[in-house]
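User: I'd like to learn how to read helix packing and burial from a model. Could you walk me through a case?

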Amino acid sequence: MYDFCVIGGGIVGVATAHELLSRNPGASVVLVEKADRLGAHQTGHNSGVIHSGIYYEPDSLKARLCRAGARWTTEFAREHGIEHRICGKLLVATDAVEHERMLALHERSITNGVRVELLDAAELRRREPHVTGLGALFVPGTGIVDYRAITEALAGRVRALGGTVVLDAPVTAITETDEHVTVESTASTAGPARRWTARTLVVCAGLQADRMARLAGLDIGLRIVPFRGEYYQLPPERADLVNTLIYPIPDPSLPFLGVHLSPTVDGALTVGPNAVLGLSREGYRKGSVDLRDLRDILTFPGMRRVARTHLRTGARELRNSLFKRGYLAECRKYCPELTVGDLRPRPAGIRAQAVLPDGTLVHDFLIERTPRSIHVLNAPSPAATSAVPIARYIVDRLRTPPTPNSPDSEQD
Ligand SMILES: Cc1cc2nc3c(=O)[nH]c(=O)nc-3n(C[C@H](O)[C@H](O)[C@H](O)COP(=O)(O)OP(=O)(O)OC[C@H]3O[C@@H](n4cnc5c(N)ncnc54)[C@H](O)[C@@H]3O)c2cc1C
C-alpha cells in the first residue's frame, strides 16, 4: 500500500509527486507513466516559454499560479544549471483592433501585477528592426527554458526523496473504495500486468484526462479535444532575426496565443504554433487519425457547438495548416521579410483542451476530486510554467476533505 499514487509523468504529475514527498517526509509515492520516458507528450512538445501571467482573467487560477510558477521555474533552472534565458517578449499590434486589445491587455497586466511597458511603433522598430506594428507591449520577465529538462531534474529529486517512478505502464483500470484506490496496468509489449494500491490518487494525464476520470467513475461532462500546434523553424543563418519572443495580440475569445517567433534554448528560432483540430490525441505526424479519438470528437455535442461558434477561425487554421503561404501570412503581419523558404519543418505538439458539453473551451485550469482521488482535467498553457504552484494547490486541496454532500463536484 502506497500513501500516494500519481498517474502521468508530464511536468504536472512529476511536480505533484515531488510536492507530495517534500510536504510528507517519509511518505511512499509511486508515479505511473505509460510512455517509455517522462515528458513524452505536451511537456516535451511545447514552445518552452516561461510565461509571466499577463493574459489571464484576474483571480483565475492561471493568473494566480503563473506568476509564482515563472519565479519558481527561473530559480529552479538557475540552481540546477538548466539552460534558460529571460529574453523578454513583445506583443505586437498590427491593426486598430489589435491596438485596442493591446491597451486592454496593458490594463490587465497591471491588474495581474506583471511589469510591462507600452512601446510606440518607432520604439518597437528600434528594439526589433525586423518587426513592424502600430505599437507593442513589452514584457521584460518572460523567458525560455527546456521543460523536459526541468521535468527530468524534478524526477531526480523524486527518486532521491524515496519516490518510485514506473515507466511503460499504461493505466487501464482505477477502482476506488472507502479505504483505498487501486490502479492497474494490463500486460503489453512494454511490460507485464501490474497493480498499485494507494490511500490517495492524483491523476495528471493530460491528453487522456477525461478518459482517466471516467475510468475512476468521476461523472464529468467535458471532453478533451486535441488541438495540434504545428511549428516551423527558421534556417540557422536567420536564427538571430529577433532578440526577444515576438507574439501577436491574441483573440480574447480563444485560449490560444497565436503564431509567434520564439528563440529556443538550443539556439533555434521557431515559428508557431497554430491551433488546428487534431484527429488523434497522440499522433504527431500531419494527417494522423485515431479512430477512437475521431469517434469521441464526432459524437460529442460540445464539439458541434465549437464548430458552429468558431467556424471561421477553424477554417482559417485548417487552411493555414494545409498551405504554408497562409501560415506565412500570419507571421508576416509583424515580420514582413519572412519568406516561404524560411519555414523549415519542426515537430508539432498537441494541446489537451477541455471542452464543455455547451461548447465552451475551458480557459482556466480545472481540477475535480472524489473522496480519495483528485483529477487535473484542464492544464493547458501556461501549465508548464505553473506546474509547481499547480502541484502545491493540489496538495493543499488533498488536505481539505471533500464536501460531504458533493464529494465529486468540487471545481475551480
Ligand atoms: C504546442 C504547445 C505549446 C505550449 N507552449 C507552452 C509554453 O510555452 N509555456 C507553458 O507554460 N506551457 C506551454 N504549453 C502547455 C504545456 O506544455 C502543458 O500545459 C503542460 O505540459 C501540461 O503538463 P501535464 O503534465 O499536465 O501533461 P503532459 O505533459 O501531456 O503529461 C501527461 C502524461 O500522462 C501520461 N498518461 C496519459 N494517460 C496515461 C495512462 N493511462 N497511464 C499512464 N500515464 C498516462 C502521458 O503519457 C503523459 O506523459 C504548450 C503546449 C503545447 C501542446
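Analyst: Sure, and keep in mind that this model is predicted. Let's begin with burial in helix H1: its buried residues are Ile-11, Val-12, Gly-13, Val-14, Ala-15, Thr-16, Ala-17, His-18, Glu-19, Leu-20 and Leu-21.

User: What does that say about H1 and the rest of the structure?

Analyst: A residue counts as buried when its relative accessible area is under 20%. Here 11 of the 13 residues of H1 pass that test, so the helix is largely enclosed by the rest of the structure.

User: Which elements do the buried residues of H1 pack against?

Analyst: They pack against strands S1 (2-7), S2 (29-32), S12 (194-203) and S20 (373-378), along with helices H5 and H11 (387-399).

User: How does the length of H1 compare with what its 13 residues should span?

Analyst: Allow 1.5 Å a residue and you expect 18 Å; the end C-alpha atoms of H1 are 18 Å apart, so the two agree.

User: Now the pairing of H1 and H5. What are the angle and the distance between their axes?

Analyst: H1 (residues 11-23) packs on H5 (residues 147-160) at about 30°, and the axes lie 9 Å apart. Angles under 35 degrees count as roughly parallel, which is why H1 is described as roughly parallel to H5. The crossing of H1 past H5 is left-handed.

User: Which residues make that contact?

Analyst: From H1 you have Ile-11, Val-14, Ala-15, Ala-17, His-18 and Leu-21, while H5 brings Tyr-147, Ile-150, Thr-151, Leu-154, Ala-155, Arg-157 and Val-158. By type, that contact has 10 nonpolar residues, two polar and one charged. As for the spacing in such lists, an α-helix has 3.6 residues a turn, so residues three or four places apart point the same way.

User: What about H9 and H10: at what angle do they cross?

Analyst: H9 (residues 311-322) and H10 (residues 324-332) cross at roughly 115°, with axes that come within 5 Å. That makes H9 roughly perpendicular to H10. In H9, Arg-316, Asn-320 and Leu-322 meet Lys-324, Gly-326, Tyr-327 and Glu-330 of H10. This contact divides into two nonpolar, two polar and three charged residues.

User: And outside the helices, where is Ile-86?

Analyst: Ile-86 is in the loop between strands S4 (84-85) and S5 (89-93). Its relative accessibility is 40%, so Ile-86 counts as partly exposed. Beyond neighbours within four places in sequence, Ile-86 contacts Ile-50, Thr-74, Pro-140, Gly-141, Thr-142 and Gly-143.

Methods. Residues numbered from 1 in each chain as written. Predicted model: local features only at pLDDT ≥ 70, side-chain atom pairs only at ≥ 80, totals over all residues. Heavy atoms only, no water. Axes fitted to C-alpha atoms, helices over the stretch in contact; angles between N-to-C directions. Helix = DSSP H or I, 4+ residues; strand = E, 2+ residues; numbered from the N terminus. Parallel < 35°, antiparallel > 145°, perpendicular 65-115°, else oblique. Left-handed = near helix turned anticlockwise from the far one by under 90°. Contact = heavy atoms within 4.5 Å. Nonpolar A, V, L, I, M, F, W, Y, C, P; charged D, E, K, R; others polar. Expected span 1.5 Å × (residues − 1). Buried < 20%, exposed > 50% of the residue type's maximum accessible area, 1.4 Å probe, protein only.
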